[in-house]
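Let's take a walk through a protein fold together. Have a look at the sequence and the 3D view, and then we'll go through it piece by piece.

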Amino acid sequence: MKHYYIWIAVLILTACRQEISTDVNIPVVTSAFETNTPIPTSTPVFTPTPAFPLPQVLLAGPISIVAIGDDITRGDGDDLGRGYPGRLLELVTQIRPGSWITNFSQSGWTSGDLVNGTVDFSGQLGRAVSEVNSAVGQRRGSVVLVWTGEHDLWELYTGEEPVTREKEDQDVARFSGNINTIIFTLREAGAEVIIAQLDDQSQRPARTRSEIYPNITAEELDRMSLQVQRYNGVIADIANRHNALTVNFYGSDIFIKDATLASDGYHPNPAGYDLITQSWYKTLIKILP
């Protein structure tokens, strides 16, 4: 009996030793409950595709040019009466004989007027589209020159009520909508588009400013200087979105030097229009073979 108990004890001690000295890996225990930690994922970057192709070289032969805008496009201040559109046509016809230009511009018009028209005139945009449709139907190259925004600025800052930041933001949104409508509509019609970025209106000497805009203050002129930069940002962004070309007059001294300004200190004189024409031509030549 004694030997029996000794044998049982040996078995128990051996089993305990085997359990303690086991080298079997113990699995890692994880929580069975859901956690709030999000699983990291990669977010795809969305890049909008332009609705229109990159600017194309205009079809060979005569081309149709349409100009829409305000005072500067109309040629105010030019004693010769040609403005930049007339001068530009002279350069174009040297390499594209038979080309023509149609100028729908009106002095004092805002970007909204270009789109919607006024009491006396229909919008320039609709008439420009008709010209583009005619040119496209005849398989002629068509390009539209757009220069607008200066009267938007003057109307914003020359009222009797103070201009708040909120009002400036609303103005930029309105201007952006008009520019988008203009460029998109013209591109959709089949035209190449060149649009001007504005000079700083507040820097023009404008000797008759006190008579035309008696309520504008020095502070408002400073704010106008900042607002035109926002306008130019809008123009650049929308032109890029719709693959239109730009010509940049911001920082140009054409509009601040007596040698290139008419006597009113606001509109260019013939020498000023010569320089303006060269700027437009440098951009236009990119799509002329």
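Which residues of β1 point one way, and which point the other way? Ile63, Ile65, Ala67 and Gly69 go to one side, while Ser64, Val66 and Ile68 go to the other, and all of them are buried. There's a general pattern behind this: in a regular strand the side chains alternate between the two faces of the sheet. Keep in mind that what you're looking at is a predicted model.

**The sheet**

Now zoom out to the sheet around that strand. It is an open sheet of five strands in the order β2-β1-β3-β4-β5, and the pairing is parallel. At the edges you'll find β2 (100-103) and β5 (245-248), each of which pairs on one side only. From one strand to the next, the twist averages 20°.

Back to β1, which covers residues 63-69. Seven of its seven residues are buried, so this strand counts as mostly covered, with buried meaning under 20% relative accessible area. On one side, seven bridges join β1 to β3 (residues 141-147), and the two run parallel. Four bridges join β1 to β2, again running parallel. If you'd like to trace these pairings by eye, here are some residues to click on:

| Residue in β1 | Partner | Strand of the partner |
|---|---|---|
| Isoleucine 63 | Glycine 141 | β3 |
| Serine 64 | Tryptophan 100 | β2 |
| Valine 66 | Valine 144 | β3 |

**Helices across the sheet**

Next, the helices. Helix α3 (residues 83-95) lies across β1, β2 and β3, and it runs at about 170° to β2. Its buried residues are Gly83, Tyr84, Pro85, Arg87, Leu88 and Val92. What covers them includes β1, β2 and β3, along with α2 (71-74) and α10 (270-284).

Helix α7 (residues 165-189) lies across β1, β3 and β4 (192-197), at about 155° to β4. With 25 residues, α7 reaches 36 Å from its first C-alpha to its last, close to the 36 Å expected at 1.5 Å a residue. Its buried residues include Val172, Phe175, Ile179, Ile182, Ile183 and Leu186, but also Glu168, Asp171 and Arg187. Here's a handy rule for reading such a list: an α-helix has 3.6 residues a turn, so residues three or four places apart point the same way. Just after α7 comes glycine 190, with a positive phi of about 110°.

**The core**

In soluble globular proteins, nonpolar side chains tend to be buried together. In this model, the largest nonpolar core has 64 residues, and the ones that touch the most other members are Ile68, Val143, Trp147, Leu186, Ile276, Trp280 and Leu284. The largest share of this core, eight residues, comes from α9.

Try picking out leucine 186, which we've just met in α7. Leaving aside neighbours within four places in sequence, leucine 186 is in contact with Ile68, Leu125, Ala128, Val129, Val144, Val146, Ala191 and Val193.

**A serine with company**

What does serine 105 touch, not counting residues up to four places away in sequence? The list is Ala67, Gly69, Asp70, Thr73, Arg74 and Gln124. You'll find serine 105 in the loop between β2 and α4 (111-116). Serine 105 counts as buried because its relative accessibility is 2%, and the cut-off for buried is under 20%. The side chain of serine 105 makes a polar contact with the side chain of asparagine 103, at 2.7 Å. A polar atom of the serine 105 side chain also lies 3.1 Å from the backbone nitrogen of arginine 74.

**Two loop residues with positive phi**

Let's finish with a pair from the loops. Arginine 139 sits between α5 (124-137) and β3, and its phi is near 55°, a positive value in a residue other than glycine. Asparagine 243 lies in the loop between α9 (218-241) and β5. Asparagine 243 isn't a glycine either, yet it has a positive phi of about 55°.

Which of these loop residues is buried and which is exposed? Arginine 139 is exposed, because its relative accessible area is 62% and exposed means over 50%. Asparagine 243 is buried, with a relative accessible area of 11%.

Methods. Residues numbered from 1 in each chain as written. Predicted model: local features only at pLDDT ≥ 70, side-chain atom pairs only at ≥ 80, totals over all residues. Heavy atoms only, no water. Pairing = 2+ DSSP bridges. Axes fitted to C-alpha atoms, helices over the stretch in contact; angles between N-to-C directions. Contact = heavy atoms within 4.5 Å. Buried < 20%, exposed > 50% of the residue type's maximum accessible area, 1.4 Å probe, protein only. Core = buried A, V, L, I, M, F, W, Y, C linked by side-chain atoms within 4.5 Å. Expected span 1.5 Å × (residues − 1). Polar contact = N/O pair within 3.5 Å; in protein donor to acceptor, adjacent residues only side chain to side chain.
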